[in-house]
Amino acid sequence: MRPGRFITLEGGEGAGKTTLARTLAARLSAAGLPVLRTREPGGAPGAELLRGLLLDGDIVWDPVAEAMLMFAARREHLAKTIRPALEAGIWVVCDRFADSTLAYQCHGHGLDRAVWDGLMGVALGDFAPDLTLVLDLPPEAGMARALGRGAPDRFERLGAAFHARVHAGFQAIAAAEPGRCAVLDATQPPAPLAAAAAAILRDRLGAPL
Ligand SMILES: Nc1ncnc2c1ncn2[C@@H]1O[C@H](COP(=O)(O)OP(=O)(O)O)[C@@H](O)[C@H]1O
Ligand SMILES: [Mg+2]
């Protein structure tokens, strides 16, 4: 049983995911729907501990180990937070999910896609988002926005070529799964971007927005 809807927001650093997640959650809530806003890595107590190791530590992880930690956190998030919320009829808006691991670890760092496929199968089975909004912004613009936000984390400190590969990765993901994914022009200011996102939720998920 899954009466709630699972919506993920994806895209590079500074694309506006967190800002849009807040606005969408507020709009869904104002429309009378129960909403949970969450984010990755994290979203459950154990997953938040793993987030600290992944984003703030100075360990250079083996790429497969890093992907395993990401999926361990994701499995914990799904089991403890996302699935119970969906079963209770709650609409879940999630800032990053499995596509980020594919874009960052595989497209960005060259991790074998078969590792991601295998970890997906173990951690998620056939679970997938009902809708994924991919925020498309040139990576240089995203980095400029993200740096305006404060001290860069470990992923933000990776170079321009890395972020260009991540950006291309998100485009490839959206192109490969047009039924699940919708690409949004994230160069727009926050208000029209949120309006475009709301229209997609209305059209694809029947959200009363
Ligand atoms: N649509 C937008 N246009 C311009 N600036 C934005 C937009 N959305 C967010 N910002 C600003 O850009 C920075 C990064 O936004 P944020 O939502 O944190 O991005 P992300 O979560 O994708 O890294 C913040 O300072 C935010 O206020
Ligand atoms: Mg964010």
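In this predicted model, Gly12 is found in the loop that runs between strand β1 (6–10) and helix α1 (17–30). When residues up to four places away in sequence are not counted, Gly12 touches Lys17, Arg96, Tyr104 and Phe170. One of these partners, Lys17, lies in helix α1, and a polar atom of the Lys17 side chain is placed 2.6 Å from the backbone oxygen of Gly12.

Lys17 has a relative accessibility of 7% and therefore counts as buried, since the cut-off for that term is under 20% relative accessible area. With its neighbours within four places in sequence left aside, Lys17 is in contact with Leu9, Glu10, Gly11 and Gly12, and also with Asp95, Arg96 and Leu135. Arg96 thus appears among the contacts of Gly12 and among those of Lys17.

Both Gly12 and Lys17 are also named in the annotation, as an unreviewed UniProt entry lists Gly11, Gly12, Glu13, Gly14, Ala15, Gly16, Lys17 and Thr18 under "binding site". Of these listed residues, Gly12, Glu13 and Ala15 are included in the lining of the largest cavity.

A further feature in the unreviewed UniProt entry, "domain: Thymidylate kinase-like", is placed at residues 9–190. Over residues 9–190, helix accounts for 56% of the chain and strand for 13%, while the C-alpha atoms at the two ends of this stretch are 14 Å apart.

Terms used
Residues numbered from 1 in each chain as written. Chains lettered and ligands numbered in written order. Predicted model: local features only at pLDDT ≥ 70, side-chain atom pairs only at ≥ 80, totals over all residues. Heavy atoms only, no water. UniProt positions renumbered as here; feature names shortened; annotations may be inferred. 1 Å grid on protein atoms, 1.4 Å probe; cavity = no way out; pocket = protein on both sides within 12 Å on 5 of 7 lines; lining within 4 Å. Helix = DSSP H or I, 4+ residues; strand = E, 2+ residues; numbered from the N terminus. Contact = heavy atoms within 4.5 Å. Buried < 20%, exposed > 50% of the residue type's maximum accessible area, 1.4 Å probe, protein only. Polar contact = N/O pair within 3.5 Å; in protein donor to acceptor, adjacent residues only side chain to side chain.
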